[in-house]
Amino acid sequence: SLYKKYVKEDIFMQQNLELIAAYFTIGGDVYPGAPSEVSPFSFAHRVQAAAEAGYKGVGLVHNDLMAVADKLGYKQMRQILNEFGMKYFEIEILEHWYRSGEIRRQSDKIRTEMLEVAAEVGVSTIKLGSGPADDPLNIDLMTENFAKIADQAAASDTAIMIEFMPFCNLNTLAPAVEIAKNANRKNAGILLDIWHMARANVDFNDIRSIPKHLIKGIELDDADRYPFENLFLDTIHKRQLPGDGDLDIALFIDAVKSTGYDGPWGVEVISEVLRKKPLQQMAQKSFEKTIKFF
């Protein structure tokens, strides 16, 4: 078993291959918008399970992040991540970051808490969401606020990445790239999630023209050929493990690699089936099913 472990690690090193377990991949029976998004598993056990499966990073959503911080404190969180060799620690998802009024004040509070964790624990990336579908898309406004957040995050050597979603106002690739390009910050770019790209009918080959420095994160999963008409329900319940669905994952990975991208690869499987499995099984199955594509 030790021989297999070292051979596996050697192959990963040769490919410069590192995987991150996104929050909902190993969070347990929770999902976006659930009555509680706080994981039923301890932070230490999730990090340990991820490390034993082969992951080099983990992610947390804001609600769980605050619950963990309240229970453990920043110092112990940092110790756990270091103990299990977690090179990457991602947090999500900051929404309404470009808007105004009360909803913006709530967003700013979450931003402040995220940036505090970045300063005290160390955060590799913070994920930013898109706006509601009925909110007019204002590229200039988003670009201005995106750049400001990047400047704040830079103080902790943290990158920020914006994620377009087909059921939001920022619902395809081109405007997301435009915002990141116009923000013109070294630590600001886009997140490419294969599910969102597929459901937005974006040609994976369009990735090939994206400048490498604008890609700050990747997320892999799979999906059935035909989605629910309510795409939000489809994305929070029906994602598949890589290889179990109908997406052309090999093409997606090849297109990303063609840009020269050499960062970590996230695995985000939000599945009503997977999340009911034991923690160890969630971590191992998601890792093993993903690594086959490399």
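These notebook entries follow my look at the salt bridges of this predicted model.

Entry 1, ground rules. I number residues from 1 along each chain as its sequence is written. Because the model is predicted, I accept local features at pLDDT of at least 70 and side-chain atom pairs at pLDDT 80 or more, while totals for chains, interfaces and linings use all residues, and side-chain values use heavy atoms, with hydrogens and water left out.

Entry 2, the search. I looked for salt bridges (a side-chain nitrogen of Lys or Arg within 4 Å of a carboxyl oxygen of Asp or Glu) and found 23 in the whole structure.

Entry 3, Arg275 and Asp29. I noted a salt bridge between these side chains at 3.6 Å, N to O. The pair links distant parts of the chain, 246 residues apart, with Arg275 in the loop between strand S8 (265-267) and helix H12 (279-291) and Asp29 in the loop between helix H2 (23-26) and helix H3 (43-53); helices (H or I, at least four residues) and strands (E, at least two) are DSSP runs, numbered from the N terminus. Arg275 is buried at 5% relative accessibility, whereas Asp29 is partly exposed at 42% (buried is under 20% relative accessible area, exposed over 50%, partly exposed in between, with a 1.4 Å probe and protein chains only).

Entry 4, Glu268 and Arg239. I recorded their salt bridge at 3.2 Å, N to O. Glu268 lies in the loop between S8 and H12, and Arg239, 29 residues apart from it, in the loop between helix H10 (231-237) and helix H11 (249-258). Glu268 is buried at 3%, and Arg239 is buried at 3%. I also found both in a network of salt bridges, whose members include Glu92, Lys127 and Asp193.
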